[in-house]
Amino acid sequence: MRIPLSAPDVQQEDIDAVAGVLRTPRLSLGPKLEEFEHAIAGYAGAAHAIGVSSGTAGLHLCIRALGIGEGDEVIVPSFAFIAVANVLRYEKAIPVFVDIEPGSLNLDPSRIEAAITNRAKAILLVHTFGCPAELPAILEIARQHHLCVIEDACEAIGAEFDGRKVGGWGDAGVFAFYPNKQITTGEGGAVVTENPRIASMLRALRNQGRTDSNDWFQHSELGYNYRLAEMNCALGISQLKRIDAILSRREEIAGKYNEKLRGIENLRLPALELPRRKLSWFVYVVRLSGALTQIHRDWIMNEMHRRGIGCGRYFAPVHMQPAYRSACGPRADLRVTEFEASRCLALPFFNRLQDEQIAEVCENLGELLPLAGNRASEELSANSAAAFLAGNSSN
Ligand SMILES: *Cc1c(COP(=O)(O)O)cnc(C)c1O
């Protein structure tokens, strides 16, 4: 892609930090892990942070540490990254998908209670695209029904609700540092929690179930190797130092996109501001409207790709994935999820995106949108004509 969908922002200081680790004998479970965890906890305003090998690993460990297991139901959005539901299935727990609200694209608090049965154990909420979920309302529902709350803050480091950073509101919160995130460690993640018991459980589980770090062959829990290497931690420390500048740069880019795309017909733009929230921009996602649906979105996406511009369909609903055909729990109506997911399109979005590149993306999108209606249906009818002829000739 000439203009990729995302790109990591690695500077000379990051390279020096990683190279510095390689000149020491400690490549895992060393001082950089401690320093990174300390920095993440401080930044997120949480008592404990536990570095792990990925966001998915962090979510999985939360499920284990909270004692969620076979037959337990967990409320999750289906408009989310597949990992939120996969980690439940790793433990034979059941994802109960609840619909989202179209404004924030987050779990709709007014639909949660109807999905709670006596097997419900937790709510796993997602701060989608870096926009905080309705935390006070969801925490109140959880309190009334004695449910745990896990925050998937993998897309939302630095986002705030009522002036308080996300991640530390529930029993545990998870950040991720894959190269497309706001800051990266290559692969990596971190769990934050206020609860010291959960924190020590997470530390044991990520390290083969060891509770005593002095005894390498004493395993008190069924654990994993979900450790985060020192090189990754050094990169994370270095990146986290720049996070304020990174988040404002991303906000600036979102503003530029909105300015350039404003007024284009059949296009809905993301809100730059929402009440009580400070956003942390992860991706920039526009949505088609009017008569434009999935076939038009897919046609535009393919055309953009052909022109060397990266685009993505953030998100494809989890409950519609082949791997989930027979793995969903009792499921409410997911109409908003299905509607929005079929019309969303993520545009190139990364710290070092240039003004000329933004302009090029917007020009191409502006050109393709009015064509989409006709071209997509032409292609459809050409395809069905071809299918018809193929069917006839085989008779
Ligand atoms: C990135 C992400 C994760 C974790 O991804 P990893 O690739 O495992 O680090 C989890 N949930 C959401 C919503 C994400 O965007």
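Where is the place of Phe-315? In this predicted model, Phe-315 sits in the loop between α9 (294-306) and α10 (335-343).

## Two backbone details

Let's stay with that loop for a moment. The peptide bond that runs from Tyr-314 to Phe-315 is cis, and its omega is near -15°. Phe-315 is also worth remembering for the pocket described further down, where it is one of the residues that lie nearest the centre.

A second backbone detail belongs to Lys-92. This residue is not a glycine, yet it has a positive phi of about 60°. Lys-92 is found in the loop between α4 and β3 (94-98). As background, most residues other than glycine have a negative phi, and most peptide bonds are trans.

## The shell around the ligand

Now to the bound molecule. Its surroundings are made up of Ser-54, Gly-55, Thr-56, Leu-59, Phe-81, Val-126, Asp-152, Cys-154, Glu-155, Ala-176 and Lys-181. Sorted by class, this shell holds 5 nonpolar, 3 polar and 3 charged residues. Helix α3 (residues 55-65) gives the most to the shell, with 3 residues.

If you are checking polar contacts, three distances are handy. An oxygen atom of the ligand lies 2.5 Å from an N or O atom in the side chain of Thr-56. For the side chain of Lys-181, the distance from an N or O atom to a ligand oxygen is 2.8 Å. At Gly-55 the partner is a polar backbone atom, 2.9 Å from an oxygen atom of the ligand. Taken alone, the ligand exposes 380 Å², and the protein buries 91% of that.

## The largest pocket

Which space does the ligand take? The ligand occupies the largest pocket, and about 480 Å³ of space lies in that pocket. Its lining counts 28 residues, with Phe-81, Ile-82, Glu-155, Lys-181 and Phe-315 nearest the centre. Two elements, α3 and α4 (83-90), give two or more residues to this lining. The largest share, 3 residues, comes from α3.

By class, the pocket lining divides into 17 nonpolar, 6 polar and 5 charged residues. Phe-81, Glu-155 and Lys-181 link the two views: they are among the residues surrounding the ligand, and they are also among those nearest the pocket centre.

## The enclosed cavity

How many cavities of 30 Å³ or more does a search of the whole structure find? The search finds 1. As a reminder of the idea, rolling a probe the size of a water molecule over the atoms shows where empty space is left.

About 70 Å³ of space lies in the largest cavity. The cavity is lined by 15 residues, and Ala-7, Pro-8, Asp-9, Pro-179 and Lys-181 lie nearest its centre. This lining divides into 6 nonpolar, 6 polar and 3 charged residues. Lys-181 turns up here once more: besides lining the cavity, Lys-181 has a side-chain N or O atom 2.8 Å from an oxygen atom of the ligand.

Notes. Residues numbered from 1 in each chain as written. Predicted model: local features only at pLDDT ≥ 70, side-chain atom pairs only at ≥ 80, totals over all residues. Heavy atoms only, no water. Near = heavy atom within 4 Å. Polar contact = N/O pair within 3.5 Å; in protein donor to acceptor, adjacent residues only side chain to side chain. Areas by Shrake-Rupley, 256 points an atom, 1.4 Å probe, with all protein chains shown as cover. 1 Å grid on protein atoms, 1.4 Å probe; cavity = no way out; pocket = protein on both sides within 12 Å on 5 of 7 lines; lining within 4 Å. Sits in = over half its atoms within 2 Å of the grid points. Helix = DSSP H or I, 4+ residues; strand = E, 2+ residues; numbered from the N terminus. Nonpolar A, V, L, I, M, F, W, Y, C, P; charged D, E, K, R; others polar. Points joined across faces, edges and corners; volume = space filled by probe spheres on them.
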